[in-house]
Amino acid sequence: MNWQTDDLKEELSIGEIGVLCGLSPRTVRYYEELGLLPGVRRRVAGRRVYGPDQVERLRFIERLKKLGLSLGEIKKLNALYAINGSTQTMRAHLSQLLDAHLEKREGRISELMGLRDEMGRYREHVGNRISVLEENASGEKDGLAGGNDQ
């Protein structure tokens with residue numbers, strides 16, 4: 001059992017697991033429909049019952065989503081784990097995915113930094129133009145005021 005789930009009760013309703021993981025019941029059901037949440041047990045009445053394994057899995061899914069992985073990519077990781085029965089292959093693939101996502105993010109950060117620099121230069125240009133216009137307007141006022149004195 002994971003250190004994050006040691007204090008959990010063994011049977012959680014869909015509402016309870018949703019609150020615990022910060023997900024709506026609909027999202028939990030959707031993940032189950034996609035095959036991202038295998039092994040969900042049901043009571044005699046058909047109600048879903050979740051345990052520490054599902055809590056750990058949902059937290060893992062949410063962590064991967066925050067890192068930029070799509071549900072399709074997460075599903076592929078799930079399939080690799082199910083086929084091989086070990087985390088080694090899944091982790092190797094996850095490492096490759098994270099490398100690719102990190103490279104994309106670094107490229108986007110570079111683009112955004114370039115845009116920030118361009119915006120700063122343009123802001124300075126606009127400020128200079130405003131100063132010139134204000135100086136011209138001020139000069140015209142002075143010229144008009146001087147012309148009225150004559």
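# A guided tour, starting at His-101

Select His-101. At 8% relative accessibility, it counts as buried, because buried means under 20%. His-101 lies in helix α5. Keep in mind that this is a predicted model.

Now show the neighbours. Which residues does His-101 touch, leaving out those up to four places away in sequence? They are Leu-67, Gly-68, Leu-69 and Glu-73. Add the side chain of Glu-73 to the selection. The side chains of His-101 and Glu-73 make a polar contact of 3.1 Å.

Gly-68 deserves a stop of its own. This residue comes just after α3. Its phi is positive, at about 105°.

**The whole chain**

Zoom out. The protein chain has 5 helices and 2 strands. Starting at the N terminus, the order of elements is α-α-β-β-α-α-α. Colour by burial next. Of the 150 residues in the protein chain, 23% are buried. Turn on the surface. The accessible surface of the chain comes to about 10800 Å². Carbon and sulfur atoms account for 52% of that surface.

How far along the sequence do contacts reach? Take the contacts between residues at least 6 apart in sequence. Of these, 56% join residues at least 24 apart.

**Helix α3**

Select residues 52-66. This is helix α3, with 15 residues. Set a distance between the C-alpha atoms at its two ends: they are 21 Å apart. Why does that agree with a helix of 15 residues? The expected span takes 1.5 Å times one less than the number of residues, so α3 should span 21 Å.

Now pick out the buried residues of α3. They are Pro-52, Gln-54, Val-55, Leu-58, Ile-61, Glu-62 and Leu-64. A general point helps when reading such a list. An α-helix has 3.6 residues a turn, so residues three or four places apart point the same way.

Centre on Val-55, which lies in helix α3. Is Val-55 buried or exposed? Val-55 is buried, at 0% relative accessibility. Add Leu-20 to the view. Val-55 and Leu-20 are 35 residues apart along the chain. Their C-alpha atoms are separated by 7.9 Å.

**Glu-32 and its partners**

Move to helix α2, residues 25-34, and select Glu-32 there. Glu-32 is buried, with a relative accessible area of 19%. The cut-off for buried is under 20%, so Glu-32 falls inside it.

Add Arg-42 and Arg-48. Together with Glu-32, these residues are linked in a network of salt bridges. Look at the side chains of Glu-32 and Arg-48: a polar contact of 2.6 Å joins them. Now widen the selection. Not counting residues up to four places away in sequence, Glu-32 touches Leu-37, Val-40, Arg-42, Arg-48 and Tyr-50.

**More salt bridges**

How many salt bridges does a search of the whole structure find? The search finds 7. Side chains of opposite charge can pair when their charged atoms come close.

Select Glu-11 and Arg-43. They form a salt bridge, and their closest N and O atoms are 3.4 Å apart. This pair links distant parts of the chain, 32 residues apart. Glu-11 sits in the segment before α1 (14-21). Arg-43 sits in the loop between β1 (41-42) and β2 (48-49). Glu-11 is partly exposed, at 39% relative accessible area. Arg-43 is partly exposed too, at 42%.

Next, select Glu-33 and Arg-26. Their salt bridge has its closest N and O atoms 3.2 Å apart. Glu-33 counts as exposed, at 54% relative accessibility. Arg-26 counts as partly exposed, at 44%.

Then go to Asp-117 and Arg-116. Their side chains meet in a salt bridge of 3.6 Å, N to O. Asp-117 is partly exposed, at 38% relative accessibility. Arg-116 is exposed, with a relative accessible area of 52%.

**Last stop: a nonpolar patch**

Keep the surface on. Select Leu-112, Leu-115 and Met-119. They form a nonpolar patch on the surface. Their accessible area together is about 290 Å². Finish on Leu-112, which is found in helix α5 (residues 87-149). Leu-112 is partly exposed, with a relative accessible area of 40%. The tour began in this helix too, since His-101 lies in helix α5.

Definitions and conventions:
Residues numbered from 1 in each chain as written. Predicted model: local features only at pLDDT ≥ 70, side-chain atom pairs only at ≥ 80, totals over all residues. Heavy atoms only, no water. Helix = DSSP H or I, 4+ residues; strand = E, 2+ residues; numbered from the N terminus. Buried < 20%, exposed > 50% of the residue type's maximum accessible area, 1.4 Å probe, protein only. Patch = residues over 30% accessible without salt bridge, like charges linked within 9 Å, V, L, I, M, F, W, Y side chains within 5 Å. Areas by Shrake-Rupley, 256 points an atom, 1.4 Å probe, with all protein chains shown as cover. Salt bridge = Lys/Arg side-chain N within 4 Å of Asp/Glu carboxyl O. Contact = heavy atoms within 4.5 Å. Polar contact = N/O pair within 3.5 Å; in protein donor to acceptor, adjacent residues only side chain to side chain.
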